[in-house]
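Me: I would like a close look at a single part of this model, taken slowly and with its surroundings kept in view. Please choose one element and explain how it sits within the rest.

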Amino acid sequence: MLQINNLSKHYGSLKALDDVSFEVGKGEICGLLGPNGAGKTTLLRIINNLLVNDTGNVLVNGEPVSLKTTRHIGYMPEERGLYEKMRVEDQIMYFGRLKGGDKKRLREVMKEYMEIFNLTGQGKRLVKELSKGNQQKVQIIATLVHEPELVILDEPFSGFDPINGALLRDLIARLNEKGSTIMLSSHNMSAIEEMCSTIALINKGRLLVKGDLSEIKDRHRTGNLILTTRKEISIPLLEDSGKIEKVEKTTPLNGRKGEAYFITKKEGVKNNDILEAVSIQGEIIHFEEHLPSLNEIFLKYTSNP
């Protein structure tokens with residue numbers, strides 16, 4: 001659906017994008033990650049034909065970016081762009097018509113989204129009369145009303161309470177089930193981790209990692225274990241086994257009962273060796289290898305100079 005090939009962009013002496021290349025396949029939900037100033041906004045603007053790149057190219061559905069390709073994209077920028085003195089329904093229709101949508105179909109889709117976001121009956125109100133959360137909903141509806149094939153949402157959870165955040169998660173999942181390709185740019189790591197099948201992480205204009213999230217986690221596995229026993233065990237005694245670098249008490253996973261421990265193995269030690277050392281003291285009711293969180297991976301890539 002989206003091909004980014006050797007993309008570079010300069011602002012004077014500042015290199016905002018430096019030879020960035022990756023693809024987003026049809027039907028993917030891809031998380032675009034990076035610290036502030038990494039180049040994410042520049043990349044999204046180029047995809048949407050709002051900026052001209054210096055080198056490389058971007059293809060949407062196999063075609064170079066143009067006014068035509070943007071009609072297949074729903075883009076919500078981080079800097080929101082609603083007209084405060086315009087009525088809600090007029091605003092949504094306006095943006096839908098700009099994308100080439102049919103009036104009748106736009107009204108049908110608008111009504112459906114207004115119901116989903118609990119905005120039924122709010123269409124005649126001015127945007128400025130709505131709460132910030134409801135303005136955010138209108139922005140999302142205006143982004144989606146023309147039923148784009150590629151949906152790009154920049155910080156979509158900003159300003160949402162947990163209830164509306166859950167509504168948006170459900171909507172994104174539903175769009176994806178219907179075949180939409182979705183790119184989410186957000187600092188909300190838990191949302192990205194929950195929803196995205198792939199990620200692309202950029203920093204200082206360069207692509208650092210792109211791929212399947214589960215495979216990326218697997219590549220960064222540390223060998224640490226989270227282990228739960230029925231009763232408390234002696235940490236000093238466990239450390240005396242010579243197989244463990246460090247042991248810390250932690251919260252049992254998924255609400256399990258028992259005593260949980262985060263265990264860092266010594267190099268070369270196998271999981272079975274740890275289980276044997278623990279089982280001498282008591283019954284093990286659960287254990288699993290700890291995979292790094294997306295936040296841990298993000299910090300690993302972006303904290304280095």
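Reply: Contact here means that heavy atoms lie within 4.5 Å, and that criterion underlies what follows about packing. The model is a predicted one, and the part chosen is helix 5, which covers residues 132–144.

As a setting for this helix, the protein has 11 helices and 14 strands, and its C-alpha trace spans about 70 × 50 × 30 Å along the principal axes. Of its 305 residues, 47% count as buried, and among contacts with a separation of 6 or more, 68% are between residues 24 or more positions apart.

Turning to the helix itself, its length can be checked against expectation: the 13 residues of helix 5, at 1.5 Å a residue, should span 18 Å, and because its end C-alpha atoms are 19 Å apart, the two values agree. As for its environment, buried means under 20% relative accessible area, and 11 of the 13 residues of helix 5 are buried, so the helix is largely enclosed by the rest of the structure. The buried residues are Gly133, Gln135, Gln136, Lys137, Val138, Gln139, Ile140, Ile141, Ala142, Thr143 and Leu144, a list that includes Lys137 and Thr143 as well as Val138 and Leu144.

What encloses the helix can be named element by element. Its buried residues pack against two strands, strand 6 (73–76) and strand 7 (150–154), and against helix 3 (88–98), helix 4 (103–116) and helix 6 (162–177).

One residue of helix 5 also leads to the interior of the protein: Ile140, buried in this helix, is among the residues with the most contacts inside the largest nonpolar core, which has 46 residues, the others being Leu33, Ile92, Tyr113, Leu171, Ile172 and Leu184. Helix 4, with six residues, gives the most to this core. In soluble globular proteins, nonpolar side chains tend to be buried together. Ile172, another of those residues with the most contacts in the core, touches Ile29, Leu153, Phe157, Ile182, Leu184 and Met195 when residues up to four places away in sequence are not counted. A second core, separate and of 22 residues, includes Val24, Cys30, Leu43 and Val58.

The strands that helix 5 packs against can be approached from another side through Asn48, whose place is in the loop between helix 1 (40–47) and strand 4 (55–60). Asn48 is buried, with a relative accessible area of 5%, and beyond its neighbours within four places in sequence it is in contact with Thr70, Ile73, Tyr75 and Ile152.

Technical notes: Residues are numbered from 1 along each chain as its sequence is written. This is a predicted model: local features need pLDDT of at least 70, side-chain atom pairs count only at pLDDT 80 or more; totals for chains, interfaces and linings use all residues. Side-chain values use heavy atoms; hydrogens and water are left out. Helices (H or I, at least four residues) and strands (E, at least two) are DSSP runs, numbered from the N terminus. Buried means under 20% relative accessible area, exposed over 50%, partly exposed in between (1.4 Å probe, protein chains only). The expected span of a helix is 1.5 Å times one less than its number of residues. A nonpolar core is a set of buried Ala, Val, Leu, Ile, Met, Phe, Trp, Tyr and Cys residues joined through side-chain atoms within 4.5 Å.
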